[in-house]
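Welcome! Let us take a walk through this protein together, starting with one helix and working outward to the whole chain.

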Amino acid sequence: MCYASLTYLVQVSLLIYAKLSYAQHAFDASSAQGSQNSYSSVASYSVETLLSTDTLYPTKDVSSTAVGYSAESLYSTESSGSTQTPGSTQVSYSTDDSLYSTVYVYSTAGGSSAEMSSSPVESTAPANPECTWNSIQILDPETWTPVETYEYNTYTTPVVAPGDIDSDIFDMVKGLTLEQKVGQMTQIETGQIADCNGNLNETAVTYWIEKWGVGSFLETPGNHGGKYSWYSPKEFADWTDAVQRIALEKGPKIPIIWGLDSVRGANYVKGGTIFPSGTGTAATFNTQNAYNAGRIAAKDTRSAGVHWAFGPVLDLAVNKLWSRTYEDFGEEPYLSSQMARFSTLGYQGDYKKDRARVATSIKHFIAYGDPFDGSDRADRYIAKHDLLEYYVPPFQAGIDAGAAAVMESYGVINDEAVSISQYYLKDLLRTQLGFKGMMVTDWAEINNQALKYFTAKDVEQANLLALQNTTIDMSMVADDNTFSNITITLVQKGIIPESRIEESAARVLQLKKDLGLFDAPYADRSLANTVGSPQDVETARNAVRESITLLKNKNNVLPLKASDNVLFVGPTINTTRYMGGGWNVHWQGPSDAEGDGVYQGFGDTILKGVEQILGCQPTYYLGVDIQGENYTNFDEILNAARTVDKVVIGLGESSYAEEFGNRGNLTLPAKHLDLVRQVARVTQAPIIVVLVEGRPRILEDVADIADSIIDAYLPGAYGGLPIAEILYGKTNPSGRLPITYPAEESQASDTVWQPAYMEYAPQWPFGYGLGYSSISYSNVTLSSSSVSIGSPVIASVKVTNNGPYPQKEPVLMFTQQQYRPFYAPENYRLRAFDKVDLAVGESKTVIFTLNAEDLAFWDSQLRRRIEPAPVNVVINPYTQVNITAVVNLEGDSSAAIAQGVGA
């Protein structure tokens with residue numbers, strides 16, 4: 001799930017209440033100028049300022065550069081260039097302590113569209129209580145002692161998936177009014193039902209449910225005007241259960257389905273175990289870690305009365321400048337597909353029976369991770385056959401694993417808007433991929449067609465096009481009634497058939513039935529005691545242990561010895577929040593004011609991990625702030641560096657999500673790199689660099705200066721101890737890069753699967769990583785010299801651990817077609833992988849199956865085809881040498897096309 005731009009949020013969300021100050025969606029002007037993550041705790045806007053503009057919706061997006069600008073500049077008609085007449089979304093405003101009850105819906109100047117919504121809509125808009133809160137969030141005081149262990153059900157087969165609509169659901173739909181049917185298709189964010197004291201406004205809940213029949217809410221109050229920064233299972237469930245009670249008593253009396261971005265554990269539920277980011281999970285090359293993260297995220301999410309997770313994220317991380325790189329399972333289609341399958345199974349299991357599971361919403365369909373300039377939501381220029389070859393497989397894997405829902409993508413592909421595209425959202429998703437579940441938009445994405453991308457004349461036309469051309473079932477409108485009002489009018493005028501609305505309402509209601517909401521609509525309070533369980537924490541730490549990737553280890557500098565005199569320096573050594581990054585407590589991560597205190601003990605740091613291993617406190621200096629703006633204790637650091645045995649420097653990124661992570665380049669801040677250079681200038685001690693980062697940041701000459709380099713990705717709140725264990729040899733690193741790590745800016749979009757004729761010379765290639773043991777491989781052997789359709793070949797290789805440590809060894813099998821008539825073959829394609837545990841001196845034989853169908857590819861006519869040629873079968877090409885065999889790919893390409901290979 002994604003949020004709208006700051007402009008849209010301010011224009012819509014802040015108008016809900018006249019005196020409400022949103023704490024978590026506003027950014028302090030003075031700090032935002034120097035920080036992507038300088039989240040302000042207070043942002044106040046006067047009624048006069050809010051209402052002084054002549055327009056609510058500008059026709060051009062002000063973009064993220066509006067951070068830190070005054071309300072006047074955000075709202076001025078001159079700066080927006082608006083040609084649209086004012087109105088309001090489903091919000092109210094006043095000049096005193098009460099709110100007007102007349103609510104004006106959005107309208108446009110002239111034309112038939114204006115006729116649909118030009119009349120005011122009377123409502124029972126809620127009145128504010130007396131406002132006494134200063135809008136500064138506080139810590140949720142709820143405490144509990146998590147159980148040490150608990151039992152759970154493991155489901156992997158048979159796959160439980162959405163199917164046909166049950167007859168009783170059709171009957172239910174027929175019994176609803178048009179307004180109630182449309183309401184089931186409408187999703188509103190929880191800030192719309194928060195009052196000015198940070199509590200639930202039950203009058204507002206009643207309004208949305210009784211007036212509009214709203215069927216879904218989303219998000220945490222911690223991001224939208226709630227008084228607590230991080231809501232505990234109890235407080236969150238109190239909020240959702242209160243909404244559910246009203247839903248069962250008012251309006252259509254249908255339970256609400258609640259959605260939440262539980263993308264790496266239940267990251268918005270206090271105490272929820274936060275796992276490594278998607279890239280970190282993929283770096284383990286162990287699908288069990290993806291399953292575990294999904295399963296625990298589901299349980300913790302369900303404890304809060306939330307039934308639907310907006311994840312996993314299945315975009316391919318192609319352009320590494322992209323701010324959402326860390327959310328994905330890497331750049332490679334097969335790796336991402338395998339993680340997609342097991343993550344989906346982990347979240348959902350048998351979601352139709354197991355009430356500790358949630359529905360997934362695999363996202364973002366499709367190709368969101370390849371913005372042409374690296375900025376969030378930029379256009380993607382991708383040939384359709386490449387789209388099918390590389391970007392579709394993870395989503396197909398998620399659908400095949402039973403994904404209950406799909407979230408469509410922001411933006412446009414080849415200039416075609418995704419959310420109103422018949423090809424992407426009907427022909428491809430429904431017909432070709434066979435998806436039968438429920439589809440939801442991303443945040444305000446239908447209205448964005450008019451307000452951001454200019455792919456519709458106005459929001460009326462945008463909603464019309466979405467309903468006509470796609471099978472979108474729910475609009476994450478988020479902050480207003482535009483979708484409901486416009487859709488009702490379109491049906492009443494006969495422009496959209498009511499059957500179209502009934503189809504989507506039925507899919508929404510079927511999902512609610514599948515999740516058991518008609519039988520058990522309230523939160524299962526017994527799950528709360530499992531949130532933050534040591535069992536879960538250890539599971540997350542095991543994922544981190546397997547993810548950390550050793551990129552360099554000159555002269556076996558690592559592991560450290562307990563007797564070594566080690567100096568620890570850097571902004572990522574003594575922090576929990578920066579190990580989590582974005583989507584971590586809050587959308588943009590904890591604020592500067594909150595710091596690590598917001599975790600209330602649910603997390604650790606690298607420094608604490610070192611202390612736990614050594615039994616004493618090591619020497620530590622901050623050195624430089626996370627933004628790379630100011631040095632701290634610089635002279636002390638240089639003096640200390642002269643006398644120690646080794647220096648560990650933790651570098652990385654501040655927290656960010658979406659457009660607030662946009663950057664013009666990938667290089668780490670200059671002062672981060674200069675810190676390493678200056679330390680190296682004064683000491684002969686080996687330097688170890690630990691990277692805590694959401695995307696691969698360019699290191700320049702530090703890649704050569706450092707004796708050892710570790711990439712920890714974003715390991716999550718419990719990453720500190722595992723990193724310390726890697727440093728001190730308690731754990732042998734076994735992570736491998738799930739992305740290409742560029743050496744320079746021009747390589748930002750390089751991938752392991754790019755055409756073979758192109759130079760592939762990054763800092764470190766996909767699949768690269770080292771361990772502390774010496775691992776040897778036999779040559780790969782094949783069961784046959786040829787492979788053809790229906791006649792696979794078996795590849796086997798023996799792997800030996802020569803010591804001196806036990807090793808988890810990822811074994812990766814790639815193919816490389818020596819030539820391919822008409823179409824340039826890829827550099828490498830990953831076809832299979834396994835991870836084996838090897839004791840010192842132990843050997844194991846790893847066996848893979850390679851099918852000719854795997855070697856088929858999509859051509860420009862959108863046909864699957866095979867081009868016969870010799871194919872290299874290669875094991876771990878970037879960590880081993882010449883572990884290669886050749887198999888002849890056989891078959892008639894025209895016959896293969898006729899058979900629809902792999903379609």
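Which residues of H10 are buried? They are Pro233, Glu235, Phe236, Ala237, Trp239, Thr240, Asp241, Ala242, Val243, Gln244, Ile246 and Ala247. Keep in mind as you look that this is a predicted model. With twelve of its 17 residues buried, H10 is mostly covered. The covering partners are easy to look up: the buried residues of H10 pack against helix H9 (202-212), strand S4 (216-218), S5 and helix H12 (287-303).

You can also check the length of this helix. H10 covers residues 233-249, and at 1.5 Å a residue its 17 residues should span 24 Å; the end C-alpha atoms are 24 Å apart, so the two values agree. Just after the helix comes Gly251, with a positive phi of about 55°.

Next, follow the strands. Strands of a sheet pair through backbone hydrogen bonds, either parallel or antiparallel. Here, eight strands form an open sheet with parallel pairing, in the order S11-S8-S7-S6-S5-S4-S3-S12. Strand S11 (438-440) and strand S12 (475-478) stand at the edges, and each has a single partner strand, so one side of each is left without a neighbour in the sheet. At the S12 edge, strand S3 (residues 186-189) pairs with S12 in the parallel sense over two bridges. Look for Ile188, whose bridge partner in S12 is Ala478.

Helices lie across this sheet. One of them is H16 (residues 422-432), which crosses strand S7 (359-365), strand S8 (405-408) and S11, and runs at about 130° to S7. Another, H20 (residues 498-514), lies across strand S5 (257-260), S7 and S11, at about 110° to S11.

Now turn to H18, made up of residues 459-469. Like H10, this helix is mostly covered, with eight of its eleven residues buried. Those buried residues are Val459, Glu460, Ala462, Asn463, Leu464, Leu465, Ala466 and Leu467. At the N-terminal end, Asp458 acts as a cap: one of its side-chain oxygens lies 3.2 Å from the backbone nitrogen of Glu460.

Finally, step back to the whole chain. Its secondary structure comes to 28 helices and 29 strands. Of the 903 residues, 67% are buried. Among contacts between residues at least 6 apart in sequence, 79% join residues at least 24 apart. The accessible surface comes to about 28,400 Å², and 48% of that belongs to carbon and sulfur atoms.

Notes:
Residues numbered from 1 in each chain as written. Predicted model: local features only at pLDDT ≥ 70, side-chain atom pairs only at ≥ 80, totals over all residues. Heavy atoms only, no water. Pairing = 2+ DSSP bridges. Helix = DSSP H or I, 4+ residues; strand = E, 2+ residues; numbered from the N terminus. Contact = heavy atoms within 4.5 Å. Axes fitted to C-alpha atoms, helices over the stretch in contact; angles between N-to-C directions. Buried < 20%, exposed > 50% of the residue type's maximum accessible area, 1.4 Å probe, protein only. Polar contact = N/O pair within 3.5 Å; in protein donor to acceptor, adjacent residues only side chain to side chain. Expected span 1.5 Å × (residues − 1). Areas by Shrake-Rupley, 256 points an atom, 1.4 Å probe, with all protein chains shown as cover.
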